[in-house]
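Okay, thanks everyone, let me get the screen up. I'll just walk through a few parts of this one, so have the view open and follow along.

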Amino acid sequence: MKRVILLANMGAPLSEKEMKVFLKRMFNDKAIIYAPKPVRWFVSEIISNIRYKSSWKKYQQIGGTPLQRSMDAMAIDLQLLLGNDYLVKSVYSYSPPFIENTISELYTDGLKDFTVISMYPQASFSTTGSLETSIHKVKNLLPGLKIHFYEDYYDNQQFVNFWVEQINKSISKNKLENPYLLFSSHAIPQSFIKRGDKYAEKMEISARLVANALHLPYSLGYQSKIGPTPWTKPYTVDVLKEISIDKNYDVVVVPLSFINENLETRYDLDTELIPFGKNDLNISNICRVEIPVSDRILVEMFNNFILKK
C-alpha cells in the first residue's frame, strides 16, 4: 500500500472568491487569533468581507499566486525521487485542496499511512500550530490513521546549504562587492512569544547558521505585521534604515522564513521594501534573493526525512 506524503502550506487563493474563503478560514483559526470561537467567527466575518477585494488586488499586481506553482513543482520533483511506492501531494490550511479534505478522501480510498511536511522552516504557533490542529482533528475522526509530522528544519544543514547557494547566486548575478545580509521573516504577535512560541529563537539560529557559512555580516528583521498589537521586532524596514547609514554596503534581502515565493516576497518585499530602499534611502545596490520554483537541495532534504522515518 502506498504511503502518502503531503507538503503543507498556508494557502494559494486563485480567485477573488477563494481569497475571501482564505481570509475567513485564517482569522477563524485559533492558531492565528487566540480567542474564544464566537470572537474568532466575528473577527473573521468582518476581515474577510472588508479585506478580500484589496487583498486580491495585491495578488493581481504580482501576476497571481506563485505559491501553488512552487508547491506543485516540489511535489512532482519529490514524487520522482521517491518513486511509485509513494503518493505526493500539496495541501493547504486556508485554500483548496484543504489538508483535512485531502486526508479524508485518500483514507476513503484505503490509504492510511501519511507523512505531512510543513513548508514553514521555523515552527510557530501561528503556522505550524495550524497544521497540527488540522492533523489532530482528522486523526481523531479516522480510526487506524497514521500521520507522521515534520514540523520544521530551521537548523538542518541542507536547509542552510539551500540558502547559501541561493545567496551566492544573487551576489554573483548582481555583481555585489560588499554584501550585507538582511534576513527578513514573517512577524508574529509578541503575545505568542509570551505564551512560549520559540519562533524568534529559531529565526535567529537560522540566520546565524547561514551568515556564518557565508562569512558575511547580517541583521534579522520581521515583516508583514497586521493590526495594532505589538509584533516581533525589529521590523525589517527599520533595520534597513540602520543599514543604509553605511553607504558602503550592498544589501541582500533574504526571505529566510519562506521556501516558496508568495505574496510577502513578491509584494511586501519586491514592490514595497526594495523600492523604499532604492528611492527613499538611496541605497544604490539592494536586491532580494529569489526563491526557485523547486530546488534540488530542498527536495532531497524532504526525501531524507521520509526515508529516515
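So, strand S3, residues 113–118, is joined to S4 by five bridges, and the two run parallel. If you want one spot to look at, take Ile-117: its bridge partner in S4 is Tyr-150. Before I go on, keep in mind that this is a predicted model.

Now zoom out to the sheet those two sit in. Which order do the strands take? It goes S2-S1-S3-S4, an open sheet of four strands with parallel pairing. Strand S2, 86–92, and strand S4, 146–150, are at the edges with a single partner strand each, so each has one side without a neighbour in the sheet. On average, neighbouring strands here are turned by 20 degrees against each other, if you ignore direction. And there's a helix on this sheet to point out: H3, residues 67–82, lies across S1, which is 3–9, and S2, and it runs at about 165 degrees to S2.

Just past S3 on the way to H5, have a look at Thr-127, which is in the loop between those two. Buried or exposed, for Thr-127? Well, Thr-127 comes out at 15% relative accessibility, and the cut-off for buried is under 20%, so Thr-127 counts as buried. Leaving out neighbours within four places in sequence, Thr-127 is in contact with Met-10, Tyr-120 and Gln-122.

H5 itself takes us to a pocket. The second largest pocket holds about 460 Å³ of space. It has 18 lining residues, and the closest to its centre are Asn-28, Asp-29, Lys-30, Thr-133 and Lys-137. Two elements give two or more residues to that lining, namely helix H2, 37–61, and helix H5, 128–141. Which of them gives the most? That's H5, with five residues.

Okay, over to another set of strands. Strand S7, residues 250–254, is mostly covered, with five of its five residues buried. In a regular strand, side chains alternate between the two faces of the sheet. And here you can follow that along S7: Asp-250, Val-252 and Val-254 point one way, Val-251 and Val-253 point the other way, and all are buried.

What does S7 pair with? There's strand S5, residues 179–186, joined to S7 by five bridges and running parallel. There's also strand S8, residues 286–288, joined to S7 by three bridges, again parallel. Val-252 is a handy residue to click on here: Leu-181 stands opposite Val-252, and in S8 the bridge partner of Val-252 is Cys-287. Then put S7 and S8 together with helix H10, residues 263–280, and you have a right-handed β-α-β unit.

Last stop, Val-237, which you'll find in helix H9, residues 236–243. How exposed is Val-237? Val-237 is partly exposed, with a relative accessible area of 32%. Not counting residues up to four places away in sequence, Val-237 touches Leu-273 and Phe-276. And one distance for you: the C-alpha atoms of Val-237 and Leu-269 are separated by 9.8 Å, and those two residues are 32 apart along the chain.

That's my tour, so over to you.

How values were computed. Residues are numbered from 1 along each chain as its sequence is written. This is a predicted model: local features need pLDDT of at least 70, side-chain atom pairs count only at pLDDT 80 or more; totals for chains, interfaces and linings use all residues. Side-chain values use heavy atoms; hydrogens and water are left out. Buried means under 20% relative accessible area, exposed over 50%, partly exposed in between (1.4 Å probe, protein chains only). Two strands pair if DSSP finds at least two bridges between them. A crossover is right-handed if, with the strands pointing away from the viewer, the path from the first strand over the helix to the second runs clockwise. Axes are lines fitted to C-alpha atoms, for helices over the stretch in contact, and angles run from 0 to 180 degrees between N-to-C directions. Contact means heavy atoms within 4.5 Å. On a 1 Å grid over the protein atoms alone, a cavity is a set of points where a 1.4 Å probe fits but cannot get out, and a pocket is an open set with protein on both sides within 12 Å along at least five of seven lines; lining residues have an atom within 4 Å of a point. Grid points are joined across faces, edges and corners, and a volume is the space filled by probe spheres set on the points.
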